[in-house]
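Colleague: Please pick one part of this model and take me through it closely, then carry on outward from there. Plain talk is fine, but spell out your cut-offs as you go.

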Amino acid sequence: MTNPSPAIETNIRALGLLSGGLDSTLAARLLMEQGIEVACVNFHTGFCIQSHTGAIRNPKVGASPPRHDALHAAKTLGVKLHMVDISSDYVRIVTNPKHGYGKNLNPCLDCKIFMVAKAWEMAQKLGYHFIFSGEVLGQRPMSQRRDTFPVIDREAGVKGWLLRPLTALRMPETEPERRGWVDRNRLEGFSGRGRKPQMALAKKFALKDYPSPAGGCCFLTDENYTRKLRDLWAYRDNRDYSMDDILLLKAGRHIRPRPHFKLMIGRDQAENQFLSGFRKGRVVIQTVNLAGPLTLMEGDTSSPEDRLLACRIAARYSKGKDMDKVQLKVEHAGVSEIVEVSPLPAHELPDHWHV
Ligand code: SF4
């Protein structure tokens with residue numbers, strides 16, 4: 001790292017929003033180059049892909065454990081990382097975003113405003129002079145635009161105190177630049193969706209092991225996930241959700257044979273194990289002498305006919321799908337019973353049942 005410019009004041013502390021992607025890592029690194037003391041914050045919304053895939057997916061033989069990008073980036077940078085769970089306050093952002101959704105159920109603009117406001121609140125409480133992010137003008141269609149940056153700054157109440165080091169030369173001067181804490185000449189003017197300038201800067205800083213931008217970090221941008229969330233809201237007739245709800249949408253095959261109930265069927269051992277943690281309050285169906293999935297039935301499960309249909313569907317996804325009869329253990333309302341059913345044939349399981 002080069003020495004800070006002599007003209008720049010020392011002991012300036014900045015708090016950055018760190019996803020662990022290349023942009024936020026570079027933004028932190030650029031400021032560290034100027035001798036600024038950097039710490040970072042990573043927010044857990046409940047929809048972060050990384051927080052859960054490790055818990056749900058079958059580990060590959062010999063693979064290293066899944067890594068948390070923000071933790072990894074903070075370690076690489078050698079900075080302190082605050083990890084903050086905002087999931088309960090975040091519900092209102094997802095259910096009722098003032099600025100609407102993106103392509104899926106991603107309320108990116110409201111989400112950014114919320115996170116920036118939280119980071120600024122933390123910065124003031126913890127004695128940081130300003131905050132920064134890795135945003136780049138024109139990189140994301142919903143939140144990283146010339147007309148949305150001022151909205152974020154204004155609605156987060158941070159006007160002038162949020163620096164975007166990677167795109168700063170295309171933006172009006174911020175307070176830290178005006179006050180001489182940050183040398184604007186040593187910031188960047190990146191724009192657009194291309195990644196070449198970032199990759200060149202990463203090379204300059206010898207940053208190698210960064211995640212691919214295509215990796216995605218948020219379930220709310222995922223089409224399959226948001227289809228399940230819409231289904232949940234539609235059949236409940238309101239947009240509330242619990243942590244269990246949003247976790248369960250991340251695993252299994254989801255089938256809704258009737259409007260009033262839904263099945264969640266594990267697709268492998270890891271998903272079966274994951275679903276098993278959510279038995280409480282749901283009907284649990286498992287094969288007895290054959291390999292098969294763990295199935296959860298939720299909603300109005302009071303009808304024996306509906307439970308029988310659920311069992312026939314569960315049997316269809318077991319090793320006994322071509323047999324005449326399959327035995328299943330059904331746990332319902334504290335009672336466990338063994339039932340024998342014929343697996344539902346493929347032609348009786350219409351596509352539109354799949355959520
Ligand atoms: S992708 Fe998800 S985490 Fe990122 S800004 Fe959009 S809603 Fe927020």
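Modeller: Let's start at the ligand: the shell around it has five nonpolar, three polar and one charged residues. Here Ala, Val, Leu, Ile, Met, Phe, Trp, Tyr, Cys and Pro count as nonpolar, Asp, Glu, Lys and Arg as charged, and the others, Gly among them, as polar. Keep in mind that this is a predicted model, where local features need pLDDT of at least 70 and side-chain atom pairs count only at pLDDT 80 or more, while totals for chains, interfaces and linings use all residues. Residue numbers start from 1 along each chain as its sequence is written.

So who is in that shell? Asn106, Pro107, Cys108, Cys111, Lys112, Ser143, Cys218, Leu220 and Thr221 surround the ligand, each with its C-beta atom, placed from the backbone, within 6 Å of it.

Zooming out, the chain is assigned domain 1 (13-218) and domain 2 (251-353), with bounds from an automatic or database domain assignment. Taken over C-alpha atoms, the centres of these two domains are 42 Å apart.

Next, a helix pair. Helix 1 (residues 22-33) and helix 8 (residues 196-204) have axes that come within 10 Å and cross at roughly 50°. Axes are lines fitted to C-alpha atoms, for helices over the stretch in contact, with angles from 0 to 180 degrees between N-to-C directions. Helices (H or I, at least four residues) and strands (E, at least two) are DSSP runs numbered from the N terminus. Helix 1 and helix 8 are therefore oblique to each other, since angles under 35 degrees count as roughly parallel, over 145 as roughly antiparallel, 65 to 115 as roughly perpendicular and the rest as oblique.

Then there's the sheet. Six strands make an open sheet in the order 6-7-9-8-10-11, paired antiparallel; pairing takes at least two DSSP bridges between two strands. Strand 6 (253-258) and strand 11 (335-341) sit at the edges with a single partner strand each, so one side of each lacks a neighbour in the sheet. From one strand to the next, the twist averages 25°.

Inside the sheet, five bridges hold strand 7 (residues 261-265) antiparallel to strand 9 (residues 294-299), with Met264 opposite Leu296 in strand 9. Strand 9 also runs antiparallel to strand 8, over four bridges, and Val283 has Met297 of strand 9 as its bridge partner. Strands 8 and 9 form a hairpin with six residues between them. Strand 8 (residues 283-287) is also joined by four bridges to strand 10 (residues 326-332), again antiparallel; there, Val284 is partnered by Glu331 in strand 10.
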